[in-house]
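Thank you for making time for this one at group meeting. Please have the chain and its fold in view while I talk, and I will go through the helices, the packing inside and the pocket.

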Amino acid sequence: MRVLLTGMSGTGKSALVRELRQRGYAAHDADEGFAEPRADGRWGWRADLVADLLTHAPDRLLFFAGCSEEQAGLPFDYRVLLTAPTPVLVGRLRTRAGNPYGREDQELAQVLADLAEVEPLLRRSADLVLTTTAPTPEIADVLLRRIAEL
């Protein structure tokens, strides 16, 4: 099963990937070589690399985390939207250490605009919506329980 973990910046995608890896699952983050800058300054996926990963995935559970318009055309079996209340997102983006995206006012404004415009679209195509205000291990537990039920 190929599971997409998607959502706006700051929803905890990368943290969830790290947690899933610690538990022994195959988990990939789009920010780790699967994305590239576009001419408009935003980032998009290298759809060929993601498609290759998904096509050649072993017959086991595989998680891929990211958010890009290319995800609509890729063969994910299950789509999970990670979401968080706006104040939580803003706090995470302003203070996170690993990825500086979202600290600048212009970037934060883009994330908030995407939250209003893009997240509703992601909700419509999601098989599962998880609010990520609990600790990451608890989010992983909920996710893995839901996957096991399938």
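Let me start with a question: which residues are exposed on the other side of H2? Before I answer, please keep in mind that what you are looking at is a predicted model. The exposed residues on that other side are Asp48 and Thr55, whereas Val50, Leu53 and Leu54 of helix H2, which runs over residues 47-55, are buried. Those three buried residues cover an arc of only 95° around the axis, and that is why they sit on the same side of H2. As for what they meet there, the buried residues of H2 pack against four strands, namely E1 (2-6), E2 (26-29), E4 (43-45) and E5 (62-65).

Let me turn to helix H1, residues 13-22, where the buried residues are Lys13, Leu16, Val17, Glu19 and Leu20. Looking down the axis of H1, one finds these buried residues within an arc of 165°, so they line one face of the helix. The elements covering them include the strands E1, E2 and E5, together with strand E6 (78-83) and helix H6 (136-149). Just after H1 ends, Gly24 adopts a positive phi of about 95°.

Two other residues of H1 deserve a word. Ser14, which is found in this helix, has a relative accessibility of 25% and therefore counts as partly exposed. Leaving out residues up to four places away in sequence, Ser14 touches Asp29 and Asp31, and its C-alpha lies 9.5 Å from that of Gly98, although 84 residues separate Ser14 and Gly98 in sequence. Arg21, also found in helix H1, is partly exposed because its relative accessibility is 35%, a value that falls between the 20% limit for buried and the 50% limit for exposed. With residues up to four places away again not counted, Arg21 touches Ala27, His28, Asp29 and Glu32, while its C-alpha is separated by 9.5 Å from that of Phe63, 42 residues apart along the chain.

What about the loop between E1 and H1, where Thr11 lies? Thr11 is buried, since its relative accessible area is 0%. Neighbours within four places in sequence aside, Thr11 is in contact with Leu82, Thr83, Ala84, Leu89, Arg92 and Thr132.

Now to the interior. In soluble globular proteins, nonpolar side chains tend to be buried together. In this model the largest nonpolar core has 19 residues, and those with the most contacts inside it are Val3, Leu5, Leu16, Leu20, Phe63, Val80 and Leu143. Two or more residues of this core are given by each of E1, H1, E5, E6, strand E7 (128-131) and H6, and the largest share, 5 residues, comes from H6. Apart from this core lies another one, of 12 residues, with Phe34, Trp45, Leu74 and Phe76 among them.

To see the first of these cores from a single position, take Leu5, which, with its neighbours within four places in sequence left aside, is in contact with Lys13, Leu16, Leu20, Phe63, Phe64, Ala65, Gly66, Val80 and Leu143. On helix H6 itself we find Arg146, which at 34% relative accessibility is partly exposed. Beyond its neighbours within four places in sequence, Arg146 is in contact with Tyr78 and Leu128, and the C-alpha atoms of Arg146 and Leu128 are 8.5 Å apart in space, with these positions 18 residues apart in sequence.

Finally, the pocket. The largest pocket has a volume of about 1500 Å³, and of the 50 residues that line it, Gly7, Met8, Ser9, Lys13 and Cys67 are the closest to its centre. At least two lining residues are supplied by each of H1, E4, E6, helix H4 (105-117), helix H5 (119-125) and H6. How many residues of the lining are nonpolar, polar and charged? The lining divides into 19 nonpolar, 18 polar and 13 charged residues. Lys13 is thus a residue to look at twice, being listed among the buried residues of H1 and also among those closest to the centre of the largest pocket.

Terms used:
Residues numbered from 1 in each chain as written. Predicted model: local features only at pLDDT ≥ 70, side-chain atom pairs only at ≥ 80, totals over all residues. Heavy atoms only, no water. Buried < 20%, exposed > 50% of the residue type's maximum accessible area, 1.4 Å probe, protein only. Arc of directions from axis to C-beta. Contact = heavy atoms within 4.5 Å. 1 Å grid on protein atoms, 1.4 Å probe; cavity = no way out; pocket = protein on both sides within 12 Å on 5 of 7 lines; lining within 4 Å. Points joined across faces, edges and corners; volume = space filled by probe spheres on them. Nonpolar A, V, L, I, M, F, W, Y, C, P; charged D, E, K, R; others polar. Core = buried A, V, L, I, M, F, W, Y, C linked by side-chain atoms within 4.5 Å.
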